[in-house]
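Follow this chain from its sheet outwards to its helices and its metal site. The account below starts with one pair of residues and widens from there.

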Amino acid sequence: MSNDRPSPGIDDLAPCAPRPAVDPALEGKPLGATPWSAPTAPPERHGVVTQAAPDDKAAIAQQICDVMRIMYQQEMVVANDGNVSARLPNGNIMITASGVLKGFMTPDQVIECDAKGNALDGRRVTTEIKMHVAAYEERPDIRAVVHAHPIYAVAFSLAGISLAECVIPEIIVTMGTIPTAPYATPGTYDLPDQLGPFLSKGDAVIMERHGVVCVGTDLFDAFKKMEMVEHTAKITHAARTMGTVKPIAPPGVKELLESRKTLGIYTKNNLCEGCGAREVCAAPLYPAT
Ligand SMILES: [Zn+2]
């Protein structure tokens, strides 16, 4: 990344001087051999830290980078999109820095904040920190928040189509439903205020015209839910191009919810109950909270 040569200022350029297409000093030199070459890419990394002790900051910082990289590879984020955080046992939050390329993050770009989202070292955290703080305040049981802009899940919200219907058995058993929170301007306090009621009842929520937030007991638990939301959106999209998507009938939904007991699945998600007696969960786009 070093660049000893100062870049030319406006004053350095003669008004009408012809400018060579290529800096003569670089003629014939191989790419990468000059100070004008692209910044050095971070070390290529394929593995992921799947387990990290709750207080192991170095492992958590790497895990945050790994989750961001995988989401970038899966086109759930581009450029500076998305943010991922983990809560430490002392209540502090480790979160992605603002304005970094999320697919290429390195652990030094993870910032530790207090429980209110103030960076301990004065660096600038993402404006979406408010969303993370709200999620942790709403859910004392969670240790991670993953936020991304996955294509299909967001596209459904743009089209005004809910993914809260009970159509995929696995989602009913594990997550209950996938609600959509009404639109709020990203980065404002409106957005975390909107999320609270949804996160109190579920682990994943689509934010209209914006993205998806998933919470979990650790980073990969939250990330797994993000994958499930987008996968559900892709399957639903594929099915809708072929025909009508019919929800599972109420007795089937009931049976699936009962199976949670034998499978030992605990989930806070009870948004299904909003539609009354667990009828077919044709939940409205904005379920009553
Ligand atoms: Zn966002």
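Ile-93 stands opposite Cys-113 in strand 3. The model is predicted, so local features are described where pLDDT is at least 70, side-chain atom pairs count only at pLDDT 80 or more, and totals for chains, interfaces and linings use all residues. Residues are numbered from 1 along each chain as its sequence is written, and side-chain values use heavy atoms, with hydrogens and water left out.

Strand 2 and strand 3 pair in the antiparallel sense over four bridges; two strands pair if DSSP finds at least two bridges between them. Helices (H or I, at least four residues) and strands (E, at least two) are DSSP runs, numbered from the N terminus. Strands of a sheet pair through backbone hydrogen bonds, either parallel or antiparallel.

In a regular strand the side chains alternate between the two faces of the sheet. In strand 3, Val-110 and Glu-112 point one way, Ile-111 and Cys-113 the other way, and all are buried. Buried means under 20% relative accessible area, exposed over 50%, and partly exposed in between, with a 1.4 Å probe and protein chains only.

The open sheet has seven strands in the order 3-2-1-4-7-6-5, with mixed pairing. Strand 3 (110–113) and strand 5 (180–181) stand at its edges with a single partner strand each, so one side of each is left without a neighbour in the sheet. At the strand 5 edge, pairing with strand 6 (residues 204–207) is parallel, over two bridges. Thr-180 has Ile-206 of strand 6 as its bridge partner.

Helix 1 (residues 57–73) packs on the sheet, touching strand 1 (83–87), strand 2 (93–96), strand 3 and strand 4 (144–148). A contact means heavy atoms within 4.5 Å. The direction of helix 1 makes about 155° with that of strand 1; axes are lines fitted to C-alpha atoms, for helices over the stretch in contact, and angles run from 0 to 180 degrees between N-to-C directions. Helix 3 (residues 151–158) lies across strand 5, strand 6 and strand 7 (211–216), at about 55° to strand 6.

Which protein atoms are donors of the zinc ion? They are Glu-128 (OE), His-147 (NE2), His-149 (NE2) and His-210 (NE2), lying 2.0 to 2.5 Å from the ion. Glu-128 is in the loop between strand 3 and helix 2 (129–138), and His-147 is in strand 4, 19 residues apart. Both Glu-128 and His-147 are buried. Donors are N, O and S atoms within 2.8 Å of the metal (3.2 Å for Na, K and Ca); water is not among the atoms, so sites may look incomplete. The angles among the four donor atoms run from 76 to 158°, and the site is irregular. Four donors count as tetrahedral if all angles lie between 85 and 135 degrees; four count as square planar and six as octahedral if opposite donors are over 155 degrees apart and all others between 65 and 115; anything else is irregular.

Further along the chain, Phe-220 and Phe-223 both lie in helix 6 (residues 219–242), three residues apart, about one turn of the helix. Both are buried. Leu-263 belongs to helix 7 (residues 250–263) and is exposed, with a relative accessible area of 54%. Leu-263 and Val-173 are 90 residues apart in sequence and 9.2 Å apart in space, C-alpha to C-alpha.
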